[in-house]
Amino acid sequence: MHGEYKVPGGKLVVVDLEVVDDTLKDVVVSGDFFLEPDDALAVVSTALDGLPADSTTAVLADAVTAALAAAQADGTIVGQVAMVGFDAHSVGVAVRRALGRSTAWSDHTFELLHPGPLPPAMHTALDQVLTEELAAGRRGPTLRFWEWVEPAVIIGSFQSLRNEVDQEAADRYGITVVRRISGGGAMFMEAGNCITFSLVVPASLVDGMTFEESYAFLNQWVLGALADVGVQAFVSGLNDIASPAGKLAGSAQKRMVGGAVLHHVTMSYDIDADKMLQVLRIGREKLSDKGTASANKRVDPVRSQTHLPREDVIAAFAAHFRSRYPTVDGELRADEVERAAALMESKFTDPAWTARVP
């Protein structure tokens, strides 16, 4: 059995092994990482021999860490162990991939969905429906780009409505407020001012990763897509994407019972910063804390860095995703649209849901 794991921002870890009587045998760890001293590599491999084949990533990582510590203590390894470009956790992920319990991008075929303009509440409903459909095994992973006409603020699942939104300003500008199922911060969305997409993947793709690691992992392709349109970007903090000129995007996740992960990104394209500051209370506080008078210094639109129409940026993103991962064009099924429409009415436009955290 053979498994590979490319550490985000790090190196490739490769594991070859056999399974005999539900235990790991003849484990060989290799890769383009850096490890000192040389003798430590044999310790890493032998630490995994004899472990149950259903061991979690944490158990596998703990075994490697404990074996290295013991080898140092008894003199098998002389000097400090330096693992550069990988760690015990990434070895565990590679083992799980070899066993088929953790998957890679290439193990899946993604459907690219780009329906026409829909109400923002319909998009949040589709996030729930498509994630639940994958968890139930009725559809595969998807990448879906949003289009909409009416302006909206999409708040995180756990945010306080009154703390985040100035309702009077929202009413003045005709802005609808919708609560989504994922956590994170508020998304200020007018048609044409941002780029939003939802990625629905099986939990096996981020098996063994912490939330922080999964954000970086699922955003790696976005960094590549931005590079294609001339923007040098990097992961910032837990869930943001930034460039040297400032923040570009924020992402959020929701993990469903049954093994599906919703990961979505909202990227500033040509944002109306003044209007956003009137509608979003939290934006005022963040800028005040930074001693910044204008949102333009904090939110740097993609348009100013790419000089491309929004449609061209989206097309470049889709093309980049296709170039990296198996992808086919797809469409929403009639039953999915029907269920999402019902959820939009019963949940996502219901004031009780929107104000569930007043």
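The following exercises, each with a worked solution, concern a predicted model of a protein.

Residues are numbered from 1 along each chain as its sequence is written. In this predicted model, local features need pLDDT of at least 70 and side-chain atom pairs count only at pLDDT 80 or more, while totals for chains, interfaces and linings use all residues; side-chain values use heavy atoms, with hydrogens and water left out.

**Exercise 1. Overall form**

Task: State the secondary structure content of the protein and judge its compactness from the radius of gyration.

Solution. Begin with the secondary structure: the protein contains 14 helices and 16 strands. Helices (H or I, at least four residues) and strands (E, at least two) are DSSP runs, numbered from the N terminus. Next, take the radius of gyration, which is computed over C-alpha atoms. Its value is 23 Å, close to the 21 Å given by the globule rule for 358 residues, so the protein is as compact as a globular protein of that length. The rule itself is 2.2 Å times the number of residues to the power 0.38. Finally, the box filled by the C-alpha atoms along the principal axes is roughly 70 × 50 × 40 Å.

**Exercise 2. Burial and the nonpolar cores**

Task: Determine what percentage of the residues is buried, and identify the residues with the most contacts inside the largest nonpolar core.

Solution. First, 53% of the 358 residues count as buried, where buried means under 20% relative accessible area, exposed over 50%, and partly exposed in between (1.4 Å probe, protein chains only). Second, a nonpolar core is a set of buried Ala, Val, Leu, Ile, Met, Phe, Trp, Tyr and Cys residues joined through side-chain atoms within 4.5 Å. The largest such core has 71 residues, and Trp105, Trp221 and Phe317 have the most contacts inside it. Helix H2 (residues 57-73) supplies the largest share of this core, 7 residues. A second, separate core of 26 residues includes Met122, Val129, Leu130 and Met344. Third, examine Phe317: leaving aside neighbours within four places in sequence, its contacts (heavy atoms within 4.5 Å) include Phe145, Trp221, Leu226 and Met267.

**Exercise 3. Three buried residues**

Task: Locate Thr124, Gly156 and Ala318, and list partners that each touches beyond four places in sequence.

Solution. Thr124 is found in helix H4 (residues 120-135) and is buried at a relative accessible area of 1%. Its partners are Trp146, Ile154, Val178, Arg180 and Phe348.

Gly156 lies in the loop between strand E8 (152-155) and helix H5 (161-164), with a relative accessible area of 0%. Among the residues touched by Gly156 are Arg179, Arg180 and Ser182. Although Gly156 and Ala186 are 30 residues apart in sequence, their C-alpha atoms are 5.9 Å apart.

Ala318 belongs to helix H12 (residues 310-324) and is buried at 12%. Ala318 touches Leu112 and Phe145.

**Exercise 4. Backbone geometry**

Task: Which residues does a cis peptide bond join, and where do Asp26 and His307 lie?

Solution. The cis bond joins Glu36 and Pro37, with omega about -10 degrees. Pro37 lies in the loop between strand E4 (34-36) and helix H1 (40-46).

Asp26 is placed in strand E3 (residues 23-31); its phi is near 50 degrees, a positive value in a residue other than glycine. At 57% relative accessibility, Asp26 is exposed.

His307 occupies the loop between helix H11 (302-306) and H12. Its phi is also positive, about 55 degrees, although His307 is not a glycine. With 66% relative accessibility, His307 counts as exposed.
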